[in-house]
Amino acid sequence: LHEAGGDVGSSLFLDLWKLTSAEQALALRQLFRWRVTRIWVPLPDELLQVVESLDSSRRKAEINRRIFEACAACYEAGVEIAPVMSLPVVSEIKESVLDALAQFQGCHHLGVRMGNSEVGSACLSEIWQLASASGLGAAQFVIWLPVQTECLSAKVDELCFSTAGCATPRLALLLERDTDSANAELEDEEVLEAYMIAAAHGLTLGSLLRAPSVEIPPYVWPLQSVKSRAARLGHLAKLHALQLGQSGLPVKVGPSSLVVEVPIFGAPWSGAGTAWQPSWCSLTAFLGAGFSRCPEAASAACEAWLLELLS
């Protein structure tokens, strides 16, 4: 893994705001050593909880200070930080979201999680207005769509036609996949079809591997299998590379087309009322950094695990 991918960097999705400042700095230094070039971070959850009250201005200022300090720490560590916002943005928190995004000045990418929002020209217009108002109008917009979205191919098709006349290099598509999904085979077909549609329209493509819904920290269960986790991530990383190749079209793939979500260990294992501070899963980060740079390493990890399982 250390030699995989040469100088090509990798991307991770990490909720920095759940970590202490000291843990953030430690994580960023380690990620830089593993040649992670970009981390995607969601906007702090506190933004959704800010209501108009006497202390709301103070709370907003504290959130923006934390974001500014995290951006400065990323710059110092040599890691690009890219914000991820979720749509729709309700009017009550729009001002707070704009203030938060404004702290990410100089970022080259803006992630937009669609969820159940409608994909279309109105949606893209809203994204453009929010980005421009916060000073991120020149960033590349990366649309995040969950694979479980109803009529995924139709949504991707609608998104592509909505970009007609736009500068497509400024728009990219990232499909979110669960690493513990029970419908993996059906999702494989849907992902491949969505890739083919997006590639035909010249969109840059990528995948996000979501963290498992239940992740137990190693200090709670030290004997959990490292090999099984490597095989699980490795299989999806290898599949991602194969699906991009099977699209049969000149797919635009960035150096960080595969993004791996790094779990944060919180309640009930750590945090308030426990002896442990919230921490990040460095094992998942290490595996994700290697597999996203080199699918061949992922393939080798899967094959070694299967051979041991069958022997």
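Begin by selecting Lys60, which lies in helix α3; helices (H or I, at least four residues) and strands (E, at least two) are DSSP runs, numbered from the N terminus. This is a predicted model, in which local features need pLDDT of at least 70 and side-chain atom pairs count only at pLDDT 80 or more, while totals for chains, interfaces and linings use all residues. Residues are numbered from 1 along each chain as its sequence is written, and side-chain values use heavy atoms, with hydrogens and water left out.

Is Lys60 buried or exposed? Lys60 is buried, at a relative accessible area of 14%; buried means under 20% relative accessible area, exposed over 50%, and partly exposed in between (1.4 Å probe, protein chains only). Add Glu46 to the selection: the two residues are 14 residues apart in sequence, and their C-alpha atoms lie 8.7 Å apart in space.

Keep α3 (residues 56-77) in view and select helix α1 (residues 21-33). The axes of the two helices come within 9 Å and cross at roughly 30°, which makes α1 roughly parallel to α3. Axes are lines fitted to C-alpha atoms, for helices over the stretch in contact, and angles run from 0 to 180 degrees between N-to-C directions. Angles under 35 degrees count as roughly parallel, over 145 as roughly antiparallel, 65 to 115 as roughly perpendicular and the rest as oblique. The crossing of α1 past α3 is right-handed, meaning that the near helix is turned clockwise from the far one by less than a right angle, whereas an anticlockwise turn is left-handed.

Which residues of α1 and α3 meet? On the α1 side, show Gln24, Leu28 and Phe32; on the α3 side, show Ala70, Ala73, Cys74 and Ala77. The residues of this contact comprise 6 nonpolar, 1 polar and no charged. Here Ala, Val, Leu, Ile, Met, Phe, Trp, Tyr, Cys and Pro count as nonpolar, Asp, Glu, Lys and Arg as charged, and the others, Gly among them, as polar.

Next, select Arg35, which is placed in the loop between α1 and β2 (36-42). The phi angle of Arg35 is near 60°, a positive value in a residue other than glycine. Arg35 is partly exposed, with a relative accessible area of 25%.

Proceed to Phe104, in the loop between α4 (91-101) and β4 (109-113). Phe104 counts as buried, at 1% relative accessibility. Which residues should be displayed around Phe104? Apart from its neighbours within four places in sequence, Phe104 is in contact (heavy atoms within 4.5 Å) with Trp17, Val41, Leu43, Ile67, Cys71, Ile81, Pro83 and Leu136. For a further distance, select Ser134: its C-alpha atom is separated by 8.8 Å from that of Phe104, with their positions 30 residues apart along the chain.

Now select helix α9 (residues 282-293). Its 12 residues reach 17 Å from the first C-alpha to the last, close to the 16 Å expected at 1.5 Å a residue; the expected span is 1.5 Å times one less than the number of residues. Because 9 of the 12 residues of α9 are buried, the helix is largely enclosed by the rest of the structure. The buried residues are Thr284, Ala285, Leu287, Gly288, Ala289, Gly290, Phe291, Ser292 and Arg293.

Within α9, centre on Leu287, which is buried with a relative accessible area of 6%. Leu233 is 54 residues from Leu287 in sequence and 7.6 Å from it in space, C-alpha to C-alpha. Then move to Leu283, also in helix α9, which counts as partly exposed at 25% relative accessibility. Leu283 and Pro263 are 20 residues apart in sequence, with 9.8 Å from C-alpha to C-alpha.

Finally, display the whole protein. Its secondary structure comes to 10 helices and 10 strands, and 51% of its 311 residues count as buried. Of the contacts with a separation of 6 or more, 81% are between residues 24 or more positions apart.
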